[in-house]
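Got the viewer open and a hand on the mouse? Here is a short walk, one selection at a time.

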Amino acid sequence: MDIIANKLSGKGNGERCLNAATKYLDEHGIPYNVHITERTGHGKQLAEELSAAGSPVIVALGGDGTFHEVLNGIDFEKSRLGFIPAGRGNDFATGTGVTSLDPVKAIENIVRGEERDLDYIQVGDKRCINVGGTGMDVDVLLKTAKSHNKLTYTASLLRCLLHFKPYHVEAEINGETKEYDCIMLGVCNGTQFGGGIKLSPVSRADDGKMDVIIMTKPKRTPTLLIMPKFVKGKHMGKPYTHHIVCESIKVKTSAPIELDGEIYYDLDFDAHIVKGGLKTFANSES
């Protein structure tokens, strides 16, 4: 077993979770190797190298950003991917129930070895494990990253809503193209992002489909006032929310896109679901 760990994730939660997981492995005499990420993109590099070396089990320990890197480096023909959530939001794990938020129970799931296959979203040459999108979510992430006082995603979202101008996008789904002036467009494998914002509460990570959520500007209600509904997932079914279930989508937009919270500036938003492509382990708690 090889563990790719981001010790800095979750304001120190990564180191705490790593200590708990390795203590369990030591107590049970289970061999393992720990590989600490040292920079952005290092998780992807480590996963590529470990898969190439034939590691049967690679464990990603960190937040959704770490999961995203490891997902994009692993070769599922050679390795199976385990998860130990150690971020601040842990949106993928919380929203899908893919594994326990308790690091000891999470490593127990991996050691137990019951296999489970989930979906992921392919966008160009990148893989997305949870949510990808364009629009206000990108603006929010940029402002959060630049904040000196480490604004939460929700606080930054509130600020953006006061001044946000809709993006124009063209979305081609099932051979039909529609145009939207949207607040955001998200393709969802998981149910939530941004530390608990329930963008697509109906999503399932094992149904072979992705849920496209397109939020347009409300006609009669100030955008700021729909925020509480958006956070709780109560925006579904509202006139300003367009929900489409599909296997693929092509989006034309001049804006950058984000995948699992990582921003890409030169990536075509051409997405499709990879059914059962995510080779992982079953959660005994679900």
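What follows is a list of stops, each with something to select and something to look for. Keep in mind that this is a predicted model.

**Stop 1: an enclosed helix**

Start by selecting residues 64–73, which make up helix α3. Is this helix enclosed or open to the outside? It is largely enclosed by the rest of the structure, because 9 of its 10 residues are buried. Click along α3 and you'll meet the buried ones, among them D64, F67, H68, L71 and G73.

**Stop 2: the cysteines**

Now colour the cysteine sulfurs. How many disulfides does a search of the whole structure find? The count is 0. Take C128: the nearest cysteine sulfur belongs to C188 and sits 8.7 Å away, so with a cut-off of 2.5 Å, C128 is in no disulfide. C128 is also buried, at 0% relative accessibility.

Next, pick C246. Why does C246 make no bond with C188? Their sulfurs are 10 Å apart, which is too far for a bond, even though C188 holds the closest cysteine sulfur to that of C246. C246 is buried too, with 3% relative accessibility.

**Stop 3: a positive patch**

Head out to the surface and select K229, K232, K234 and K238 together. These four gather in a patch of positive charge there. Zoom in on K229 and you'll find yourself in helix α8, which covers residues 227–232. K229 counts as partly exposed, with 35% relative accessibility.

**Stop 4: along strand β15**

Select residues 269–281 to bring up strand β15, then look for A271 in it. A271 is buried, and its relative accessible area is 0%. If you like using the distance tool, try A271 and I257: they are 14 residues apart in sequence, and their C-alpha atoms are 12 Å apart in space.

**Stop 5: salt bridges**

Time to look at charged pairs. Side chains of opposite charge can pair when their charged atoms come close. This structure holds 12 salt bridges, and a few of them make good stops.

Select R116 and D206, whose side chains meet in a salt bridge at 3.2 Å, N to O. This pair links distant parts of the chain, 90 residues apart: R116 is in strand β5 (residues 115–123), while D206 is in the loop between β9 and β10. R116 is partly exposed, with a relative accessible area of 25%, and D206 is partly exposed as well, at 33%.

Next up are K279 and D117, another salt bridge, with the closest N and O atoms 3.3 Å apart. K279 lies in strand β15 and D117 in strand β5, so this pair ties together parts that are 162 residues apart in sequence. Both ends are partly exposed: K279 has a relative accessible area of 23%, and D117 is at 37%.

Then try K209 and E247, where the closest N and O atoms of the salt bridge are 3.1 Å apart. Which parts does this pair tie together? K209 is in the loop between β9 and β10, and E247 is in the loop between β11 and β12, 38 residues apart in sequence. K209 is partly exposed at 31%, and so is E247 at 34%.

For a last selection, show R80, E115, D117 and K279 at once. Salt bridges that share partners join these four into one network.

Terms used:
Residues numbered from 1 in each chain as written. Predicted model: local features only at pLDDT ≥ 70, side-chain atom pairs only at ≥ 80, totals over all residues. Heavy atoms only, no water. Buried < 20%, exposed > 50% of the residue type's maximum accessible area, 1.4 Å probe, protein only. Patch = residues over 30% accessible without salt bridge, like charges linked within 9 Å, V, L, I, M, F, W, Y side chains within 5 Å. Areas by Shrake-Rupley, 256 points an atom, 1.4 Å probe, with all protein chains shown as cover. Lys, Arg positive; Asp, Glu negative; His and termini not counted. Charge placed at Lys NZ, Arg CZ, Asp CG, Glu CD. Helix = DSSP H or I, 4+ residues; strand = E, 2+ residues; numbered from the N terminus.
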